[in-house]
Amino acid sequence: MNKVKYLLITALVFVISVTTYAQEKKNLELSDLYERPTFQSKGVRGMNPMRDGNTYGTIEKGEFNIYNYKTGKKVKTLFSFSELIPEGDTLPIRAYNYVLSDDESKVLFLTNVNYIYRHSFTADFYVYDLKTKNLRPLSTNGSQRLATFSPDGTKVAFMRDNNLFIKDLVTDEEKQFTFDGLYNNIINGAPDWVYEEEFSFSQGFHWSPDSKKIAFYKFDESKVKEFQMEEFQGLYPEWYSFKYPKAGEDNSVVNVYVYNLENEKTVRMNTGRETDIYLPRMKWTKDANVVAIQRLNRHQNNLKIVAADALTGKSNVFYNEENMSYIEITDDWTFLDDGKSFLITSEKSGYNHIYLCKLDGSEEKALTSGNWDVTVIYGFDGKEIYFQAAKKTPTERQIYAVNLKGEMREIVGDEGVNNARFSKNFKYFININSTVTKPYVYTLYNNKGGVVRVLEDNHELVERLNDYNISEKQLLKISDPAFVMPDGSTVDVDAWQILPPDFDPDKKYPVLIYVYGGPGHQTVLNQWGHSDWSWMQLLAQHGIISVSINNRGSGAQGEMFKKMTYLELGKYETEDMITLAKYMAGQPYVDADKIAIYGWSYGGFMAANGITKGADYISTAVSVAPVTNWRYYDNIYTERYMRTPQENPEGYDNNSPVSHTAMIKGNYLLCHGSGDDNVHYQNAMELVKSMIANGIQFDLMIYPNKNHGIYGGYEEYGYGECRMHLFTKIDNFLFDHLLGE
């Protein structure tokens, strides 16, 4: 055989082999996303840092085992779930979760969990004594909420029926210490709906460091208007009513009280005469007689922190911050052991940084600085603050430490997004790293940045992905004069796109714009994707390009970039989606007549704006659970960015989809859950009314009784997972209008 003939045959065999290999690659199906965990990554879950700082606990095969961070070796088994048999029973309880006491001598177990809203739930709690192996119910008088050990581990405080109780674990006595709790009227020890949703906490009481007092919130929501949702169940549907303050409407009147266990007296803390304010955070200082309370005005642009005497209620302001637009509330405030100082983050420099302040208000020092944002505070070990920051680029996160002199060091500088979970003493941490092309890798580090060992690298997922037609998510920058800042400068925005796996630059492809768009949120990060990533891979297999940008108003790029949407939610974000549609239409491989937009919640609002204001460039839109007019949404979130409708009517109406449905020229699918307690079904109905009034045809899909997440099914009809149904509907809609003639 001559050499040329041999080479030709070899090349042919190679081509046939490659073609056969390509043909063997699998295509994704919706069931891979919503019925079986085909692309679910492995994690390192349940690693509970133990008190000594050198060990952690994890649940394995029904046991709670203790491991050494450094060696990875098992130290002991703390308890087995098979031991959890209440007195008089023969079977162990089905524990949903657990909480250890501070001294790690007792455990609270949760069973029979019933969720109320996003964070809140009721449950039956059990107390397990690790020394005596005794398991007993926390209370036999009804389910509880928020059960919490006292710091000394001798008592548990909990909430029931909007009142607060203490269970003495030594005497077994249960004592009630608030008595005015009443549904839709008075709440003791927990936030109302809007605080829980927008200030992101569900527990409204805290033990003092000496276990002798409890500081708690009291919400008087008697003047807050009720929202009603119809529950379609049974022959006669029922109505569920709860207090929901919409933009411009009355809030709960909130106060902080301290109950003293020794003298059984309750004292109200002085937070000022003005009641139309927010008290979004409170915590005990290092002094067991002083509780710190954050006080935020209704406009949310003036934050004061007061120190209140737990015995008398008298208070004084020790921190005062003002902002031209708004101040975000976080948990990033820490009191130091010296009793004179505290740490807090603020955007007062134009970027989010860490400050060391004196409790007497006499001194303030920036510990970090520069044109970048601190994104997460992990904690303080007495010498250094450990934190995450978008220092290198807005699309990445690295791990750092800074001491009280402002001397900063990088701990983990790996490409992509890094998230840390520290041990109690901050000597060790688990770093979770990923990029757009690399699934999550869990690595144990010491606090100097040294690798101890890799815990999980998700190699099985990587191997599994090789069996499928997967396209790489590509990060890019988009330049356009339309991306202009308040100071007149222009910026390049971060973006990603996913092309079809068999992409041919000579063909014309339809495009789907993926959007969220809300203040501070980013859809473009150099990290591994979740369910939306796999769904867009499915679209790519069908020949649809997906694309997204970090629009103006998104986070990790400083205060001016994020807050330029103030008073005009939807204006600049929609302009950016239109600019993106124009940009994609200008690419030689894009079918300019088939550009779609999809989003959920704030993204649903943006998709509705895209098919109205962007009707000349966007032909198809899908909105899931959208806000359609900010007048219908809650006041804490909405007024933070818009002020009240009474103050800013044009800002509300000019950028609301209900005001612009006459502009719709393309194809629109609207989906909503009728049991959505967050973005009410009312939003969909008002948009429907507006479209009908303007003679606009549209597609509508309602999920009875389902909340904002549209999960689960209908057991009375054989279950049927709603997510699978929803995305089947969305896919068919997109395929019809983007792939059809």
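## A walk through a predicted structure

Four bridges connect strand β31, made up of residues 398-403, with β32, and the two strands run antiparallel. One of the residue pairs is easy to look up: Ile399 has Val412 of β32 as its bridge partner. Before going further, please keep in mind that this is a predicted model.

**The sheet around these strands**

Which strands make up the sheet, and in what order? The order is β29-β30-β31-β32, an open sheet of four strands with antiparallel pairing. β29 (373-380) and β32 (408-412) are the edge strands, and each has a single partner strand, so one side of each has no neighbour in the sheet. On average, neighbouring strands here are turned by 30° against each other, with direction ignored. As background, strands of a sheet pair through backbone hydrogen bonds, in either a parallel or an antiparallel way.

**A cavity and a pocket**

The structure holds one cavity of 30 Å³ or more. The volume of the largest cavity is about 50 Å³. Which residues line the largest cavity? They are Asp332, Trp333, Thr334, Leu343, Ile344, Thr345, Ile354, Ile377 and Ile385. β25 (333-335) and β26 (341-346) each supply at least two residues of this lining, and β26 gives the most, with three residues.

Next comes the second largest pocket, which offers about 1,100 Å³ of space. It is lined by 24 residues, and those closest to its centre are Asp102, Lys283, Gly379, Lys424 and Phe426. Four strands, β1 (48-49), β21 (282-284), β25 and β29, each supply at least two residues of the pocket lining. The largest share, three residues, comes from β25. β25 also supplies at least two residues of the lining of the largest cavity, while β29 is one of the edge strands of the sheet described above.

Here is how the two linings divide by class.

| Lining | Nonpolar residues | Polar residues | Charged residues |
|---|---|---|---|
| Largest cavity | six | two | one |
| Second largest pocket | ten | six | eight |

**Two residues with positive phi**

Most residues other than glycine have a negative phi. Asn162 has a positive value, with phi near 70°. Where does Asn162 sit? Its place is in the loop between β10 (155-160) and β11 (163-168). Is Asn162 buried or exposed? Its relative accessible area is 12%, and because buried means under 20%, Asn162 is buried.

Glu264 is not a glycine either, and its phi is positive at about 60°. You can find Glu264 in the loop between β18 (253-260) and β19 (265-268).

**A tryptophan to look for**

Trp239 belongs to strand β17, residues 238-243. Is Trp239 buried or exposed? It has a relative accessibility of 54%, and since the cut-off for exposed is over 50%, Trp239 counts as exposed. Which residues does Trp239 touch, leaving aside its neighbours within four places in sequence? Trp239 is in contact with Gln228, Met229 and Glu230. For a sense of distance, Trp239 and Met269 are 30 residues apart in sequence, and their C-alpha atoms lie 37 Å apart in space.

How values were computed: Residues numbered from 1 in each chain as written. Predicted model: local features only at pLDDT ≥ 70, side-chain atom pairs only at ≥ 80, totals over all residues. Heavy atoms only, no water. Pairing = 2+ DSSP bridges. Axes fitted to C-alpha atoms, helices over the stretch in contact; angles between N-to-C directions. 1 Å grid on protein atoms, 1.4 Å probe; cavity = no way out; pocket = protein on both sides within 12 Å on 5 of 7 lines; lining within 4 Å. Points joined across faces, edges and corners; volume = space filled by probe spheres on them. Nonpolar A, V, L, I, M, F, W, Y, C, P; charged D, E, K, R; others polar. Buried < 20%, exposed > 50% of the residue type's maximum accessible area, 1.4 Å probe, protein only. Contact = heavy atoms within 4.5 Å.
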